[in-house]
Amino acid sequence: MSPSPLRIVAREEAREEAPAVRSRLIEIRGLTKTYRTRDGDVPSLRPIDLDIHDGEFVAVVGPSGCGKSTLLKLVAGLIPPSQGEIVIDGKKVVEPPDDVGIVFQSPVLLAWRSVLRNIMLPVEVRRLDRASHLERAKKLIATAGLTGFENKYPWQLSGGMQQRASICRALVHDPKIVLMDEPFGALDAMTRERMNLELQRIHFETGKTILLITHSIPEAVFLADRVVVMSERPGSVAAIYDVDLPRPRRLEMMGDTAFAALARQVRSHFYAQGQLD
Ligand SMILES: Nc1ncnc2c1ncn2[C@@H]1O[C@H](COP(=O)(O)OP(=O)(O)OP(=O)(O)O)[C@@H](O)[C@H]1O
Ligand SMILES: [Mg+2]
């Protein structure tokens, strides 16, 4: 089947706009992780090699417990690798880099701080200009549909609202890299779609480099430039798929043949591994 005219146009535009050489922003080399516990060792990652380019959107899918969150925490400099290394912007990661924002699998907001003060936390920790970031925080709050809740405490919010607040917190200091661990898992389907579109807009307008972990194969295909499929624990990279669909993507595209074919291909790995989320 020949590609539709729309796809050809989109590809040509992409070629014209793309820089001659895309620079590698995140380099993951021979990365492994084994957790040492009282009950023995838990090997969680087999050697992983992966390059993520500046401005790229990479989604990671894989069975539960395969080491996705572990991979994210390693890239975020929150835990040390057992072997191998991660290099961000030419610098080896040995502590949490400044230019990274993180959305954890659960919102982890501080119970004694209001929504606004939780969102402003990275600004305080990094001692950035308060006034300009306060403006930014308020815009993010409006985008996330949290206006009116700035002075509430996390326990006064629903789970989905807490997670939206934690997404604002990851973006408030305008980091170059955003790491997201299942950020939309707790949201209802409609809000999740709205947040998907919003994340696509942020990526398009700001050129941020995004590493997103998700259990949703359609979400991965919808948002990403590349989808990384991980194998069961100890996880490694089972396959990488380029998502060659034109941008901006519309939710209706999920019904298109090319979209469905790619989603099916990604899903086939899960059946092959005898496990589906
Ligand atoms: N702090 C820890 N100490 C010991 N073992 C751990 C620790 N954190 C994770 N593990 C183990 O490492 C493996 C990978 O965990 P991880 O949280 O990275 O998986 P995941 O792919 O994110 O799973 P899920 O999709 O359910 O979130 C699991 O077997 C888990 O039990
Ligand atoms: Mg996880």
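These legends describe close-up views of a predicted model.

**View 1. Residues gather around ligand 1.** The shell around ligand 1 holds 15 residues. The closest are S44, S64, G65, K68 and T70. By type, the shell divides into four nonpolar, nine polar and two charged residues. Three elements each supply at least two residues of the shell: β1 (24-37), β2 (40-53) and α2 (68-75). The largest share comes from α2, with three residues.

**View 2. Three side chains meet oxygen atoms of ligand 1.** Start with S64. One of its polar side-chain atoms lies 2.6 Å from an oxygen atom of the ligand. Next comes K68, where a polar side-chain atom is 2.7 Å from a ligand oxygen. For T70, an N or O atom of the side chain sits 2.6 Å from an oxygen atom of ligand 1. How much of the accessible area of ligand 1 does the protein cover? On its own, ligand 1 has 640 Å² of accessible area, and the protein covers 67% of this.

**View 3. The largest nonpolar core has 51 residues.** Look for I119, M180, V221, V227 and V266. These five touch the most other members of the core. Which helix gives the largest share of this core? Helix α6 (residues 159-171) does, with six residues. The core also draws on two domains. At least three of its residues come from domain 1 (23-99 + 176-255), and at least three come from domain 2 (109-174).

**View 4. T214 is a buried loop residue with polar partners.** T214 lies in the loop between β8 (209-213) and α8 (217-223). Is T214 buried or exposed? Its relative accessible area is 0%, so T214 counts as buried. The side chain of T214 makes a polar contact with the backbone nitrogen of S216, at 2.9 Å. It also meets the side chain of E219 in a polar contact of 2.8 Å.

**View 5. Two peptide bonds that lead into proline are cis.** Most peptide bonds are trans. The bond from R233 to P234 is cis, and its omega is near -10°. P234 sits in the loop between β9 (226-230) and β10 (237-242). The bond from R247 to P248 is cis too, with omega near -5°. Where is P248? P248 belongs to the loop between β10 and α9 (257-272).

**View 6. V108 and E182 have positive phi values.** Most residues other than glycine have a negative phi. For V108, phi is near 35°. V108 lies in the loop between β6 (100-103) and α3 (115-119). Its relative accessibility is 47%, so V108 counts as partly exposed. For E182, phi is near 50°. E182 is found in the loop between β7 (177-181) and α7 (189-206). At 9% relative accessibility, E182 is buried.

**View 7. G90 and R24 are 66 residues apart along the chain.** What separates them in space? Their C-alpha atoms are 8.9 Å apart. G90 lies in the loop between β4 (83-88) and β5 (91-92). Its relative accessible area is 63%, so G90 is exposed.

**View 8. Q163 and H173 are 10 residues apart along the chain.** Their C-alpha atoms are separated by 17 Å. Q163 is part of helix α6. Why does Q163 count as buried? Because its relative accessible area is 2%, and buried means under 20%.

**View 9. R226 and K139 are 87 residues apart in sequence.** From C-alpha to C-alpha, R226 and K139 are 29 Å apart in space. R226 lies in strand β9. Its relative accessibility is 13%, so R226 counts as buried.

Terms used:
Residues numbered from 1 in each chain as written. Chains lettered and ligands numbered in written order. Predicted model: local features only at pLDDT ≥ 70, side-chain atom pairs only at ≥ 80, totals over all residues. Heavy atoms only, no water. Near = heavy atom within 4 Å. Polar contact = N/O pair within 3.5 Å; in protein donor to acceptor, adjacent residues only side chain to side chain. Areas by Shrake-Rupley, 256 points an atom, 1.4 Å probe, with all protein chains shown as cover. Helix = DSSP H or I, 4+ residues; strand = E, 2+ residues; numbered from the N terminus. Nonpolar A, V, L, I, M, F, W, Y, C, P; charged D, E, K, R; others polar. Core = buried A, V, L, I, M, F, W, Y, C linked by side-chain atoms within 4.5 Å. Buried < 20%, exposed > 50% of the residue type's maximum accessible area, 1.4 Å probe, protein only. Domains from an automatic or database assignment.
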